[in-house]
Amino acid sequence: MTYLLNSPDNFADEAVRGLVASHPELLVEVPGGVARSTQTPEGQPALVIGGGSGHYPAFAGWVGPGMGHGAPCGNIFSSPSASEVYSVVRNAENGGGVILGFGNYAGDVLHFGLAAEKLRHEGIDVRIVTVSDDIASNSPENHRDRRGVAGDLPVFKIAGAAIEAGADLDEAERVAWKANDATRSFGLAFEGCTLPGADEPLFHVEKGRMGEGLGIHGEPGVRDSPLGSASEVADLLFDAVTAEEPVRGENGYEGRVAVILNGLGTVKYEELFVVYARIAERLEEKGFTAVRPEVGEFVTSLDMAGLSLTFVFLDEELETLWTAPVETPAYRRGAMPAANRIPRADIWNAGEAEIPQSSEDSRECARAITAVLETFQRVCAESEAELGRLDAVAGDGDHGQGMAFGSRGAAQAAAKAVERNAGARTTLLLAGQAWADAAGGTSGALWGAALTSAGGVFTDTDGATDEVIVDAVCAGIDAVLRLGGAQPGDKTMVDAAVPFRAALREAFDMDAGAAITTAAPAAREAADKTADIAARLGRARVLGEKSVGTPDPGALSFALLMAALGEHLTR
Ligand code: ADP
Ligand code: MG
């Protein structure tokens, strides 16, 4: 559990602030995360690495010469939002383009992908590299579809070293993918982790047993087995990771490996060394040479009790980059040239959004929209614990938090927009942006896009008819389908949204509130029925079978909000 905190809501932000305050020679706080406090040489590609908080030293602890140029920092275990990624890139990029590096998770793919689109529109060359080292999460043929765990360290270290050595964007991207394709990890958990402010871990592992193939966001293991001795655990990890060893003597690989034994938060360094002692024996027995092995905490999961083993199967190029100098708060090696120490000049900031002219009718509508979002905020706060519990079964337990943070951010942004005399369209656009920013995660991106698309149906000059309201709701659902790409049956919020949209179109005559109220039970029934199926998309897909018997949290929250919307409008 977390003993020291001021408030769970600000925990991640305050931790970043303290990290920056303790490393001013390397880091500066920028909107959305951190960047180097030193100048990036002009024309050098920027490596922007990120993900949720709760994994220190990943990711903000790896920003500095020889590794990252910036790190957007999301809430605990939730991806940063697209605008956080965008803002950190604007502060890190210096004419050489950017590589966005992150673990392969749905929420990160969405938010980093949206940021990449916006940056490309502005003429910045953006490449995306998703780390996918976790062998438990997919088959060897689908290596790039696996999720990312401790492999983040070597992949970003190697890509950062290539950039430091003068690689251009094409070259840096090539090397980053090569490092990812050479990296394999496997992890075990003995007990789940507890979110700051929560009393209970996200999951428990039975005493005397261990979860094999855990995730780093409190996702439980893919299977349970009896907990063995340190040497038995070492053997299990070693055998799993080396099962995918490439052929020696081919493609420059000769059995030289970067080895990382990673503690997830609660396992002590001494325990890790006991395990590593056995791994060293196995390395020798199998004729491997460990190159600069690392034993310690690199990609943590709050206070998860567990560990993981990572191998990078090195050729000469990867080995040179793996052992090159690096200077970041949490990862240092060798000496960096002084040229890297020129302080940066300024910090980029998006500034306050402009509010276009609006009519009184549209402002009236904006006030009504704000009231709806306040209702959403109340409903999300009431169901936060239940949605979190559902998400912890096969996901990472943050769906309640994401919906609560997102709806509150949206309601506050809408109220502020109304104060500044915004019309309906502008109010919803700003609320959508704020939802994604405040929530992060997959559902944050989807709800943010839904509000934004719904806003596009309104104007700042006209009031809203019932028809406009129904069209706006449908446009929001269409945005979720477009952006998420899920089909009914994948066990996502789409399972509730699609039948709801059909029922709404059918029920609508003159009265939007009545039609939404009539259609809402279709969403709820469909959400409840998702309990019968296994997840095929999103974070929960890795543990698809474990999700059977539990409804999809995102489908349920959608149904709850549509019921609340109908009731609110009818009143
Ligand atoms: P994360 O999965 O990033 O932790 P949340 O826990 O907030 O995000 O949201 C999880 C929910 O997101 C799932 O229950 C599911 O309903 C929804 N979801 C996941 N992927 C998709 C998708 N591709 N399309 C629509 N909804 C999705
Ligand atoms: Mg989740």
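**Close-up views of a predicted model**

**View 1. A buried salt bridge partner, Arg146, meets Glu244.** The side chains of Glu244 and Arg146 form a salt bridge, with N to O at 2.8 Å. The model is predicted. Glu244 sits in the loop between α6 (230-242) and β10, and Arg146 in the loop between β6 and α4. The two lie 98 residues apart, so the pair links distant parts of the chain. Arg146 is buried, at 0% relative accessible area.

**View 2. Glu244 also pairs with Arg184.** Their closest N and O atoms are 2.6 Å apart. Arg184 belongs to strand β7 (residues 183-191), whereas Glu244 is in the loop between α6 and β10, so the salt bridge ties together parts 60 residues apart in sequence. Both Glu244 and Arg184 are buried.

**View 3. Arg367 and Glu364 pair within helix α9.** Their side chains meet in a salt bridge at 3.4 Å, N to O. The two residues are three apart in α9 (residues 360-394), which means a separation of about one helical turn. Arg367 is partly exposed, at 37% relative accessible area. Glu364 is partly exposed too, at 48%.

**View 4. Salt bridges join six residues in a network.** The members are Asp235, Asp239, Arg278, Glu281, Arg282 and Glu285. The whole structure holds 38 salt bridges.

**View 5. Three aspartates coordinate the magnesium ion (ligand 2).** Asp391, Asp396 and Asp398 each donate through OD, at 2.0 to 2.3 Å. Along the chain, the donors follow the spacing D-x4-D-x1-D. Asp391 counts as buried, because its relative accessibility is 11%, under the 20% limit. Asp398 is buried at 10%.

**View 6. The largest nonpolar core has 66 residues.** Val34, Trp62, Leu153, Phe156, Trp322 and Tyr331 touch the most other members. Elements that each supply at least two residues include α1 (11-22), β3 (46-53), α5 (169-181) and α8 (316-322). Helix α4 gives the largest share, eight residues. Domain 1 (1-131) and domain 2 (182-193 + 204-326) both contribute, so the core lies between them. Leaving aside residues up to four places away in sequence, Tyr331 touches Gly61, Trp62, Met67, Leu153, Lys157, Glu294, Phe298, Trp322 and Val326. Another core, of 53 residues, lies apart from this one; among its members are Leu373, Cys474, Val494 and Phe500.

**View 7. Thr427 is buried in helix α11.** The helix spans residues 424-439. Thr427 has a relative accessible area of 0%. Beyond residues up to four places away in sequence, Thr427 touches Ala366, Thr370, Ala414, Ala417, Val418 and Ala422.

Conventions
Residues are numbered from 1 along each chain as its sequence is written. Chains are lettered from A and ligands numbered from 1 in the order in which they are written. This is a predicted model: local features need pLDDT of at least 70, side-chain atom pairs count only at pLDDT 80 or more; totals for chains, interfaces and linings use all residues. Side-chain values use heavy atoms; hydrogens and water are left out. Donors are N, O and S atoms within 2.8 Å of the metal (3.2 Å for Na, K and Ca); water is not among the atoms, so sites may look incomplete. Buried means under 20% relative accessible area, exposed over 50%, partly exposed in between (1.4 Å probe, protein chains only). A nonpolar core is a set of buried Ala, Val, Leu, Ile, Met, Phe, Trp, Tyr and Cys residues joined through side-chain atoms within 4.5 Å. Helices (H or I, at least four residues) and strands (E, at least two) are DSSP runs, numbered from the N terminus. Domain bounds come from an automatic or database domain assignment. Contact means heavy atoms within 4.5 Å. A salt bridge is a side-chain nitrogen of Lys or Arg within 4 Å of a carboxyl oxygen of Asp or Glu.
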